[in-house]
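Here's a protein and DNA model to poke at. Let's go through it in question-and-answer form.

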Number of protein chains: 2
Amino acid sequence: MNTQISQTEENYLKAIFRLSLSQNKAVSTNSIAEKLNTKASSVTDMIKKLSDKKWVDYVKYQGVFLTLAGKKIAIRILRKHRLWEVFLVKHLDFTWDEVHEVAEQLEHVKSEKLTQQLDAYLEYPTHDPHGDPIPDEDGNIAHHKEIMLSAISCNEKCTIMGVKDSSVAFLKYLDSSGIQLGTLVEVVKKEAFDQSMHILFEGKKRNISQQISKNLFVKKHRL
Amino acid sequence: MNTQISQTEENYLKAIFRLSLSQNKAVSTNSIAEKLNTKASSVTDMIKKLSDKKWVDYVKYQGVFLTLAGKKIAIRILRKHRLWEVFLVKHLDFTWDEVHEVAEQLEHVKSEKLTQQLDAYLEYPTHDPHGDPIPDEDGNIAHHKEIMLSAISCNEKCTIMGVKDSSVAFLKYLDSSGIQLGTLVEVVKKEAFDQSMHILFEGKKRNISQQISKNLFVKKHRL
DNA sequence: ACTAATTTTTAGGGTTGTCTAAAAATTAAT
DNA sequence: ATTAATTTTTAGACAACCCTAAAAATTAGT
């Protein structure tokens, strides 16, 4: 019996976890295949394996749920991924659009001590460079309040807390616009016909499309 | 055609490189198998693959030599391995007997920028925690002068520069004896019958077996 | 409710890297 | 120089993970 988890298995569990966050139905074979850039038939194979190992609950044709054990593993990977992202930005001069690819590799390194010491070394960060919360050692995740910039009304002020889409393209767009985590933004005007909004930040005025505003997490300022 | 190198291939090249350092004949199938804890038949299979990729020169029944390309890859892995070891000891409180296992994983992470930035972050270290030289970006390796403690004569003084055997057991033995890199040692007496030697360091007197003295690199002090 | 479209699974196969057992080549020994 | 011992290779097989194509189940449309 193979007692050690493979990188592939870890990636499946992580993908299932992330998919299960954005819904509360079973996670479909197809959605996993899409997320992992693989074929549905491969997913079915792997799901059976994960089910045998009691990491997912699986009913044929009905998709999967993570078990408690599966969720624990997924969160541990997520924790490692995000800690490494912080390390790369904080100490190795990586930009927020460069870290993901490298963290995808680093997250699979197996060493309890490594994770713990890294966490301590980084002074127990709570969020990664994209504003996503870092699970603590016990797997607790501080939840985003998940308010999007698109939901902010005219004349309200808010602070950018995170990005929903963390693709390289989006992150580079934000860089070129001067928008970062922590940036204070005021909504000046919202266009009714395309939902784009005029915002004011750091003295600059800009128009951003709904595609942008729907992918930025913010914290509203109380008046 | 698969353009990317696998971790297994990297491990084979690294093993062949280390074996070829301690001899100047072709590296035998069996020795590789032993080093990698695998079977000779598996090695033969892999060697053919490495030969197809022009990373080793292979003549049936005659063992292998690394090509220039193969050597380059091996050195790159070695460089990453040793840089990570330095990082683990210097910043994450690992002991020198703990680092190897974790560095074996970290060395396979692929990112030019990561290696470069790590090197810079560590301030371009020249040696790892076991005293082994770290190849520079171009693959140049500062060579040990390779004098062993066992070769030092009575009343001579020297400094511990590295370990030949870096097994956990040996490293722990050294820790318990108080011997570290940089420790100044004087040879007080050599026993003819078993080649053990009496040494003096930091005011302490100790008898060490030849097995120990043959595994410690030193730098002689000029008189 | 029944057909059509979609999703998921099965069947059969490929690749990588491993193994055992047997055959072939090399090296050692007398 | 032959035989004996050792090393290396080949042959055949297996596990992990992936694929395509076809079959089965589910969901959607009218």
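What follows is a run of short exchanges, each ending on the value or name asked for.

User: Before we start, what kind of model is this, and how are things numbered?
Analyst: Residues are numbered from 1 along each chain as its sequence is written, while chains are lettered from A and ligands numbered from 1 in the order in which they are written. Local features need pLDDT of at least 70, side-chain atom pairs count only at pLDDT 80 or more, and totals for chains, interfaces and linings use all residues, since this is a predicted model.

User: What turn lays chain A on chain B?
Analyst: Superposing by least squares on the C-alpha atoms of residues with pLDDT of at least 70 in both, the RMSD comes out at 0.0 Å, with a shift of 0.0 Å along the axis. The two copies are thus related as by a two-fold rotation axis. In chain A, Leu106(A) has the C-alpha nearest that axis, 3.6 Å away. The turn itself is 180°.

User: Which helix gives the most to the side of chain A that touches chain B?
Analyst: Contact here is C-beta atoms, placed from the backbone, within 7 Å, and 13 residues from chain A meet 13 residues from chain B. H4 (68–92), H5 (99–106) and H6 (112–121) of chain A each supply at least two residues of that side; helices are DSSP runs of H or I, at least four residues, strands are runs of E, at least two, and both are numbered from the N terminus. The top contributor, with 4 residues, is H6(A).

User: What share of the interface residues of chain A are also interface residues in chain B?
Analyst: The copies meet through the same surface, because the shared fraction is 100%.

User: Which face partners do the buried residues of H5(B) pack against?
Analyst: Buried means 20 or more other C-beta atoms within 10 Å of a residue's own, exposed means 12 or fewer, and partly exposed is in between, with C-beta atoms placed from the backbone. In H5(B) the buried ones are Val99(B), His100(B), Val102(B), Ala103(B) and Leu106(B). They fall within an arc of 165° (directions from the helix axis to the C-beta atoms), so they line one face of the helix. Their packing partners are H6 of chain A and H4 (68–92) of chain B.

User: Which element gives the largest share of the surface near DNA strand C?
Analyst: Near means a C-beta atom, placed from the backbone, within 6 Å; of the 21 residues around the strand, Ser28(A), Asn30(A), Ser41(A), Ser6(B) and Ser41(B) come nearest. H2 (29–35) and H3 (40–52) of chain A, plus H1 (7–21) and H3 (40–52) of chain B, give two or more residues each. The largest share, 5 residues, is from H3(B).

User: Which are the edge strands of the sheet in chain B?
Analyst: Strands pair if DSSP finds at least two bridges between them, and here 6 strands form an open antiparallel sheet in the order S3-S8-S4-S5-S6-S7. Inside it, 5 bridges join S4 to S8. Pairing on one side only are S3 (147–148) and S7 of chain B.

User: Lys204(B): buried or exposed?
Analyst: Lys204(B) sits in S7 of chain B, and Phe201(B) stands opposite Lys204(B). Because Lys204(B) has 10 other C-beta atoms within 10 Å, the verdict is exposed.

How values were computed. Two residues are in contact if their C-beta atoms, placed from the backbone, lie within 7 Å.
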